[in-house]
Amino acid sequence: MLVTGGAGFIGANFVAHTLENHPRYEVEVLDALTYAGNRSSLAPVAGAVAFHHGDICDAELVDRLVAGSDVIVHFAAESHVDNSLHDPAPFVRSNVLGTFTLLEAVRRHGKRFHHISTDEVYGHLPLDGGKFTETTAYDPSSPYSATKASSDMLVRAWVRSYGVAATLSNCANNYGPYQHVEKFIPRQITNILEGGRPKLYGAGLNVREWTHVDDHNAAVHLILDKGRIGETYLIGSGDERSNAEVLGTVLELLGQPADAFDHVPDRPGHDLRYSNDTTKIRTELGWRTRYDDLRAGLAATIDWYRENEWWWQPLKAATEERYRELRR
Ligand SMILES: NC(=O)c1ccc[n+]([C@@H]2O[C@H](COP(=O)([O-])OP(=O)(O)OC[C@H]3O[C@@H](n4cnc5c(N)ncnc54)[C@H](O)[C@@H]3O)[C@@H](O)[C@H]2O)c1
């Protein structure tokens, strides 16, 4: 199995999940180690995985690695929405051209391909109702979601035009170990652990369907094993919470007063609410969430960040340096 983006948040968790639960796979990782990729996220499985430092836009390298694999699971992407607003170019390159490069190799060699995507391709929903389904029209808001939407379209077209054996999944927001410190939940946790004050965009009314990364990865394996070729599966826990509510729980779990945070101006195009109808993956493939209680999942995630300062402290310092560079 070739896992692209295996040094990123979800990819690294997926590699560990695969080795533990699906030992029939020999796993290789292809990752460019951008600011979002972290070799140390694979430290616990380092001896069991072949790591290739390289770019999914490198057609020669991709061709060789795809030729040597049976299954390709494609996580690699530029994934941080805020950064896509500042500089969309790498998003277009990695997410669109990178996916195209992989698809062409998969087509040449006739391999099984699974494409990891996001529910952000569907745009957003009002706060008071509605759900995305697999047939909702695409309506992306950010450069990030527009490039993910483009990559989904390429995969669908390669299935129809060339008979590529691909499946797709669009998941809600993930949380769990090894998530980058500039993403919402780890940023709040690590700011508090460092004695600082967390920041909340606007009034924090935006609603997300927080899904534990391990539930996402279990769903991907079900799709690999039993999913129908050419089909899209929505993934999400069903647990919808406003950002203010999540921050409130994090503050409480860390023993902080409820008002120990600062408001910052909201970002442009900040989607109000996402919510996935997951009937298809639940009824067709029997997917069930193991992490049903967000409070318990957050408590476990906080414990992980508490116990793994070695992982996030250097990342936090590098991130602050990156922000200083951007301001210069
Ligand atoms: N994080 C979420 O909540 C979420 C939700 C739904 C879907 N997704 C999707 O899941 C996938 C993984 O997300 P994540 O949060 O783990 O992202 P991440 O940013 O943590 O990891 C992405 C990884 O891809 C690598 N990468 C980027 N460009 C590359 C390139 N050109 N060549 C090779 N490697 C490259 C990076 O080095 C990094 O290791 C993405 O496709 C994302 O769109 C994420």
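Is L272 buried, partly exposed or exposed? In this predicted model, L272 counts as partly exposed because its relative accessibility is 32%, where buried means under 20% relative accessible area, exposed over 50% and partly exposed in between, with a 1.4 Å probe and protein chains only. Residues are numbered from 1 along each chain as its sequence is written. The model being predicted, local features need pLDDT of at least 70 and side-chain atom pairs count only at pLDDT 80 or more, while totals for chains, interfaces and linings use all residues; side-chain values use heavy atoms, without hydrogens and water.

L272 sits in the loop between strand 13 (262-264) and helix 9 (279-285); helices (H or I, at least four residues) and strands (E, at least two) are DSSP runs numbered from the N terminus. The neighbouring position in this loop, R273, forms a salt bridge with E240, with the closest N and O atoms 2.7 Å apart (a salt bridge is a side-chain nitrogen of Lys or Arg within 4 Å of a carboxyl oxygen of Asp or Glu). This pair links distant parts of the chain, as E240 belongs to strand 12 (residues 240-242) and R273 is 33 residues away. R273 counts as buried, at 5% relative accessibility, whereas E240 is partly exposed, at 26%.

Turning to the interior, the largest nonpolar core holds 23 residues, and I185, W210, V246, V250, L298 and W311 have the most contacts inside it. Such a core is a set of buried Ala, Val, Leu, Ile, Met, Phe, Trp, Tyr and Cys residues joined through side-chain atoms within 4.5 Å. At least two residues of this core come from each of helix 6 (184-193), helix 8 (243-253), helix 10 (294-307) and helix 11 (309-327). Helix 10 gives the largest share, five residues. A second, separate core has 22 residues, including V3, Y25, V27 and V73.

Helix 10 also carries a salt bridge between D303 and R306, whose closest N and O atoms are 3.4 Å apart. These two residues are three apart in helix 10, about one turn of the helix. D303 counts as partly exposed at 36% relative accessibility, and R306 likewise counts as partly exposed at 42%. Elsewhere, salt bridges with shared partners join R228, E231, K280 and E284 into one network. Within that network, E231 pairs with R228, the closest N and O atoms being 3.7 Å apart. A search of the whole structure finds 18 salt bridges.
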